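Trainee: I should like to request a close look at a single part of this model, set against the chain as a whole. Please take the patch on the surface and the residues that help to place it.

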Amino acid sequence: MTWWIYALASAGFAAMTAILAKVGVEGVPSTLATALRTVVVLAFAWTIALARGEGAALPTLGRRTLLFLALSGVATGLSWLAYFRALQLAPASRVAPIDKLSLALTLVLAWGLLGEPLSWKLVVGVGLMVCGALLTLG
């Protein structure tokens, strides 16, 4: 499959995540809800990785790879903690668009830190998405 099919699947699952989490976080401390979700994600991811035989690659991973994956995990955890708390405080229809402002931040970081190119179409498209997210605030 091509990358965009996975990207569309990611968007669909992210939408389901927002709705399921909004219902699931009711009456539960947001940190506990995040911890429970993390256990499920952990078990799910390890089951798939091991079933696909990818565990054999573990000894070949370098320190840099492990460091950046660990830092990515910390960033994910912080993102999830903030997301679940936001869902407790506001409607999912308001939280999800603001959460998607990560698109604009990713674009800036990918350009500034990774040297990924920017096109006018990309900048205008992301700008419109940012405007749309900000319109949800009003």
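Mentor: The account below begins with the basis of the values, then treats the whole chain, the patch and a contrasting buried site.

The model is predicted, so local features require pLDDT of at least 70 and side-chain atom pairs count only at pLDDT 80 or more, whereas totals for chains, interfaces and linings use all residues. Residues are numbered from 1 along each chain as its sequence is written, and side-chain values rest on heavy atoms, with hydrogens and water left out.

The protein chain contains six helices and zero strands, in the order α-α-α-α-α-α along the sequence. Helices here are DSSP runs of H or I with at least four residues, strands are runs of E with at least two, and both are numbered from the N terminus. The C-alpha trace spans about 50 × 45 × 30 Å along its principal axes. The accessible surface comes to about 10,300 Å², and carbon and sulfur atoms contribute 75% of that area; accessible areas follow the Shrake-Rupley method with a 1.4 Å probe, and for residues only the protein chains shown count as cover.

The patch itself is nonpolar, covers about 790 Å² and is made by Met1, Trp3, Trp4, Ile5, Tyr6 and Leu8. Patch members have over 30% relative accessible area and no salt bridge; like charges are joined within 9 Å, and nonpolar side chains (Val, Leu, Ile, Met, Phe, Trp, Tyr) within 5 Å. A salt bridge places a side-chain nitrogen of Lys or Arg within 4 Å of a carboxyl oxygen of Asp or Glu.

Methionine 1 lies in the segment before helix H1 (3–24), and methionine 1 counts as exposed because its relative accessibility is 73%. Leucine 8 belongs to helix H1 and is likewise exposed, with a relative accessible area of 57%. The classes are buried under 20% relative accessible area, exposed over 50%, and partly exposed in between (1.4 Å probe, protein chains only).

Threonine 34 offers the contrast. Threonine 34 sits in helix H2 (residues 30–51) and counts as buried because its relative accessibility is 5%. Leaving aside residues up to four places away in sequence, threonine 34 touches Trp80, Leu81 and Phe84, a contact meaning heavy atoms within 4.5 Å. Across the chain of 138 residues, 14% count as buried. Of the contacts with a separation of 6 or more, 73% join residues 24 or more positions apart.
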